[in-house]
Every structure is written in C-alpha cells, then in structure tokens.
Amino acid sequence: VMELLDRAEIDLDGQRAVIVGASAIVGRPLALMMLHRDATVTVCHIYTQDLSSFTRQADILVAAAGVPQLIKADMVRPGAIVIDVGINVLPDGQVIGDVDFDSVYDIAGAITPVPGGIGPLTNLMVLRQMLRHLVTLA
C-alpha cells in the first residue's frame, strides 16, 4: 500500500486515512507506517459501530477486513483514494475485494481493483525484498 501511494506521489501529511481491518498482518502495521508519514489515522474493524461515519471522513480509505464487498458507495467520501487489500473467493470461484468496486468506482478519486491491484504489487514487493537480501549476502 505504501509503495502504491509513493508511486502515485500521494503526500500523506495531514491526510485522513481510515483503515478498515486491524490485523497484525496489514491493518496495524499500515497504520503505523501512515502515522510515520504524518497522516491522521483511524483504525476500524467489522465490529466498529457506525463504520460508515468513519469511512466517509477518509481522504485515503484502505479496506483490509476480509469481508466481501463490505465497503459500499454510501461509505465513501467523493474523491477519496480507495485501496482494496481484501481478497475473497466466493463459492463459485470468483475473486472479489472488500470494496463493492462497481458502486464505488464513480465516487472514488482513485480505486484499486481486485483481482489485479494490491495482490500483484505485494508479490513484487516480496520479490524486491528477496533480491535486496540476496545482494547483501553476495
């Protein structure tokens, strides 16, 4: 997620970031990285009461809750950057994210798709780290 924001030249200073998902793998580490870049960060989860009141405040909304299509159009502030980290496989084999992509697409200023968004970028980041490690061993 941070690589994506960096490549898009999005300055986090003062931005309101809302992360839906408090996992030790994505949510909490991402919150700390965004705080380190001077974003104002709110971490929510699927049990957050009135979740949409938080998500509608986000300049940057990250969905990482593991709930298919949890984030609907009425939960997104117009123009917000929406980053979908969720990967959910439905019984019919279809892969969808935590964001209802079709309904949010016209509202968001930018949105990542699932599949094809953060997943492949994550694979590239793992490969980059592995190559950096190999270079240091050489």
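Five strands of this predicted model form an open sheet, in which the order is β2-β1-β3-β4-β7 and the pairing is parallel. Strands β2 (40-44) and β7 (110-111) stand at the edges, and because each has a single partner strand, one side of each is left without a neighbour in the sheet. In general terms, the strands of a sheet pair through backbone hydrogen bonds, in either a parallel or an antiparallel sense.

Within this sheet, strand β1, which covers residues 16-20, pairs with strand β3, which covers residues 60-63, and the two are joined in the parallel sense over four bridges. Taking one residue as a point of reference, Val18 has Leu61 in β3 as its bridge partner. Helix α2, made up of residues 27-36, lies across β1, β2 and β3, and its direction makes an angle of about 170 degrees with β1.

The backbone also has some local features in the loops, which are set out here by residue.

| Feature | Value | Location |
|---|---|---|
| Glu9, positive phi | about 55 degrees | loop between α1 (2-7) and β1 |
| Asp50, positive phi | about 55 degrees | loop between β2 and α3 (51-55) |
| Val114 to Pro115, cis peptide bond | omega near -5 degrees | Pro115 in the loop between β7 and α5 (118-137) |

Neither entry with a positive phi can be put down to glycine, since Glu9 is not a glycine and Asp50 is not a glycine. How exposed is Glu9, in terms of relative accessible area? Glu9 has a relative accessible area of 73%, and because the cut-off for an exposed residue is over 50%, Glu9 counts as exposed. As for the cis peptide bond, Val114 precedes Pro115 in this linkage, and Pro115 itself belongs to the loop that runs between the edge strand β7 and helix α5.

Turning to the side chains, a search of the whole structure finds one aromatic pair. Its members are Phe101 and Tyr105, whose ring centres are 5.5 Å apart and whose planes stand at 45 degrees, so the pair is classed as tilted; this follows because planes under 30 degrees apart would count as stacked and planes over 60 as edge-to-face. Are these two rings buried or exposed, or in between? Phe101 has a relative accessibility of 28% and counts as partly exposed, while Tyr105, with a relative accessible area of 48%, is likewise partly exposed.

Methods. Residues are numbered from 1 along each chain as its sequence is written. This is a predicted model: local features need pLDDT of at least 70, side-chain atom pairs count only at pLDDT 80 or more; totals for chains, interfaces and linings use all residues. Side-chain values use heavy atoms; hydrogens and water are left out. Two strands pair if DSSP finds at least two bridges between them. Contact means heavy atoms within 4.5 Å. Axes are lines fitted to C-alpha atoms, for helices over the stretch in contact, and angles run from 0 to 180 degrees between N-to-C directions. Buried means under 20% relative accessible area, exposed over 50%, partly exposed in between (1.4 Å probe, protein chains only). Rings of Phe, Tyr and Trp (its six-membered ring) pair if their centres lie within 6.5 Å; planes under 30 degrees apart count as stacked, over 60 as edge-to-face and the rest as tilted.
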